[in-house]
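User: Please take a close look at one part of this model, the largest pocket. What is its volume, and which residues lie nearest its centre?

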Amino acid sequence: MRIYSLKAKQHLPITIDEAWEFLSDPNNLKTITPSYMKFKVVSGADRKMFPGQIIQYIVTPIAGIKNKWVTEITHVKDKEYFVDEQRFGPYALWHHKHFIKEISGGVEMEDVIDYKVPFGIIGQCVHPFLVKPKLKEIFEYREKKLIELFGVIDNAGKQEIIFS
């Protein structure tokens with residue numbers, strides 16, 4: 001059983017309040033997801049984020065195949081971090097920690113994702129040329145969209161994405 005990790009960091013020239021307001025609203029996930037994925041919140045995003053919140057999405061990541069994705073917000077610390085965990089969806093495991101902190105001129109967003117692909121050895125074989133590039137593409141889109149929405153800090157807005 002192989003568990004993969006993705007870490008991404010990005011700096012934005014906004015306040016911690018602005019960052020938290022945007023990033024902790026599940027409805028904004030559609031804004032930072034590529035449009036071809038046809039991301040749609042089905043339920044659970046009608047209240048401010050709280051531990052135990054269940055959010056259901058429909059997403060079409062590959063070849064027009066719709067996936068239902070159900071996440072639970074398991075931890076929330078106001079203006080510091082929140083954690084979402086997949087309860088049902090395309091991954092065998094998805095544990096996503098979102099951190100924000102104040103830095104000079106704005107905020108640093110950090111994502112730490114631990115995930116496992118389904119289908120055992122077959123999933124591991126397709127990970128390098130299907131799953132990993134798709135995740136990289138999604139995070140690169142998110143980076144560009146956040147820069148478009150908020151700008152960058154002295155060209156330091158470039159996102160760093162690390163897989164392990």
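Analyst: In sorting residues by class, Ala, Val, Leu, Ile, Met, Phe, Trp, Tyr, Cys and Pro count as nonpolar, Asp, Glu, Lys and Arg as charged, and the others, Gly among them, as polar. By these classes, the lining of the largest pocket has 34 nonpolar, 7 polar and 6 charged residues. The model is predicted: local features need pLDDT of at least 70 and side-chain atom pairs pLDDT 80 or more, while totals for chains, interfaces and linings use all residues. Residues are numbered from 1 along each chain as its sequence is written, and side-chain values use heavy atoms, without hydrogens and water.

The largest pocket (an open set of points on a 1 Å grid over the protein atoms alone, where a 1.4 Å probe fits, with protein on both sides within 12 Å along at least five of seven lines) has a volume of about 1000 Å³. That volume is the space filled by probe spheres set on the points, which are joined across faces, edges and corners. Its lining counts 47 residues, each with an atom within 4 Å of a point. Nearest the centre lie Trp69, Tyr91, Trp94, Leu135 and Ile138. Two or more lining residues come from each of helix H1 (16-23), strands E3 (53-62), E4 (65-77), E5 (81-88), E6 (93-103) and E7 (106-116), and helix H2 (120-150). H2 gives the largest share, 10 residues.

In the whole protein there are 2 helices and 8 strands, DSSP runs of at least four residues (H or I) and at least two (E), numbered from the N terminus. In order they run β-α-β-β-β-β-β-β-α-β. The C-alpha atoms fill a box of roughly 45 × 35 × 30 Å along the principal axes.
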